[in-house]
Amino acid sequence: MEHINRNVLAGDIIAEPMEMIKSNKKVILGPGLRIEKDTVRASKCGQLKMKASNTFWIDAYQRRYVPNRGELVIGVVMAKVGDIFRIDIGSCETASLSYMAFEGATKKNRPDVNVGDIVYARLLIAHTDVEPELVCVDSHGKKGKLGVLHEGFMICCSLNLIRKILNPKCTFLALLAKELPFEIAAGMNGRIWIRGRTIKETIGVGNAILALEYLPNDRVQELCDDIGAYVSGFIK
């Protein structure tokens, strides 16, 4: 489509999605786009993107997270009010997380969650007029990789970097894993949790991730090699 990847401003009319809708095709509007009557408009500045599945969104550099239903996020437990945990997810307001939103949780078997803990959760409810609500289980009630993240290190970055890392075409994590073994959890809210074998390796992985944002694709392998050499002690 000829106008995809063009720059748009907030308030601009986006014609491509409406053309598909009028042709009775299913269209998904992602972050940065909203429909008003029979018109699709951009709600923020950035670059118009499209996937083959007729999904449109605005790719913009930003640090403030706007919650979207179904997204995985990393939050910090700020307080406990009754049976609800208040979670900071980097948005304009905190999210709620019930103690029953954990695998196997009951009134007698409550999850071990404390103020200051880092949790990996999914947004169950995300709406402009409703407080965000999180869960730490999937649709089958299983936690999978969700829940409290222990003994790691959390870094904050731009939302653009998160999307870059999670892009299926990005080979960075696979190349870095060949140099250093590590565990990682990436939240769409611009937070990444890392755990390496040692503190030095954990910091090395974190520095490599932050350096990736403005790095050309042809230098990714060089970056991974340098981090591996630094952690191994060949570079001081």
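**Entry 1: the sheet of β13, β14 and β15**

I began at methionine 154, which stands opposite tryptophan 193 in β15. I was working on a predicted model, and I kept that in mind for every entry that follows. Looking along the strands around this pair, I noted that β13 and β15, the latter covering residues 191-196, pair in the antiparallel sense over four bridges. I then traced the whole sheet and found three strands in the order β13-β15-β14, forming an open sheet with antiparallel pairing. Since β13 (153-156) and β14 (182-187) stand at the edges and each has a single partner strand, one side of each is left without a neighbour in the sheet. For the twist, I recorded an average of 20 degrees from one strand to the next.

Next I asked which strands helix α4 lies across. I found that α4, residues 199-211, lies across β13, β14 and β15, and that the helix runs at about 145 degrees to β15.

**Entry 2: β1, β5 and β6**

I moved to the N-terminal part of the chain and looked up the partners of β5. Strand β1 (residues 7-8) pairs with β5 (residues 46-51) in the antiparallel sense over two bridges, and within this pairing glycine 46 of β5 is the bridge partner of valine 8. I also followed β5 to β6 (residues 55-59), where five bridges join the two strands and the run is again antiparallel. Here I noted methionine 50 opposite phenylalanine 56 in β6. The hairpin of β5 and β6 has three residues between the strands, and in this hairpin I marked asparagine 54 for its positive phi, near 65 degrees.

**Entry 3: the largest pocket**

I then turned to the open space in the model, and wrote down a volume of about 1700 Å³ for the largest pocket. Its lining consists of 46 residues, and those that lie nearest its centre are Pro31, Trp57, Asn68, Glu71 and Arg163. I listed the elements that give two or more residues to this lining as β2 (28-29), β3 (33-36), β5, β6, β10 (118-127), β11 (130-135) and α2 (159-166). Which of these elements gives the most to the lining of the largest pocket? I found that it is α2, with five residues. Sorting the lining by class, I noted 21 nonpolar, 13 polar and twelve charged residues.

**Entry 4: the second largest pocket**

For the second largest pocket I recorded about 410 Å³ of space. It is lined by 16 residues, and the closest to its centre are Tyr120, Lys145, Ile184, Ala185 and Ala186. At least two residues of this lining are supplied by each of β12 (147-149), α2, β14 and β15, while the largest share, four residues, comes from β14. By class, I counted twelve nonpolar residues, one polar residue and three charged residues in the lining of this pocket.

**Entry 5: the protein as a whole**

I closed with the overall figures, beginning with the five helices and 15 strands of the protein. Its C-alpha atoms fill a box of roughly 55 × 50 × 30 Å, taken along the principal axes. Of its 236 residues, I noted that 41% count as buried. Finally, I looked at contacts between residues at least 6 apart in sequence, and found that 62% of them join residues at least 24 apart.

How values were computed: Residues are numbered from 1 along each chain as its sequence is written. This is a predicted model: local features need pLDDT of at least 70, side-chain atom pairs count only at pLDDT 80 or more; totals for chains, interfaces and linings use all residues. Side-chain values use heavy atoms; hydrogens and water are left out. Two strands pair if DSSP finds at least two bridges between them. Axes are lines fitted to C-alpha atoms, for helices over the stretch in contact, and angles run from 0 to 180 degrees between N-to-C directions. Contact means heavy atoms within 4.5 Å. On a 1 Å grid over the protein atoms alone, a cavity is a set of points where a 1.4 Å probe fits but cannot get out, and a pocket is an open set with protein on both sides within 12 Å along at least five of seven lines; lining residues have an atom within 4 Å of a point. Grid points are joined across faces, edges and corners, and a volume is the space filled by probe spheres set on the points. Ala, Val, Leu, Ile, Met, Phe, Trp, Tyr, Cys and Pro count as nonpolar, Asp, Glu, Lys and Arg as charged, and the others, Gly among them, as polar. Buried means under 20% relative accessible area, exposed over 50%, partly exposed in between (1.4 Å probe, protein chains only).
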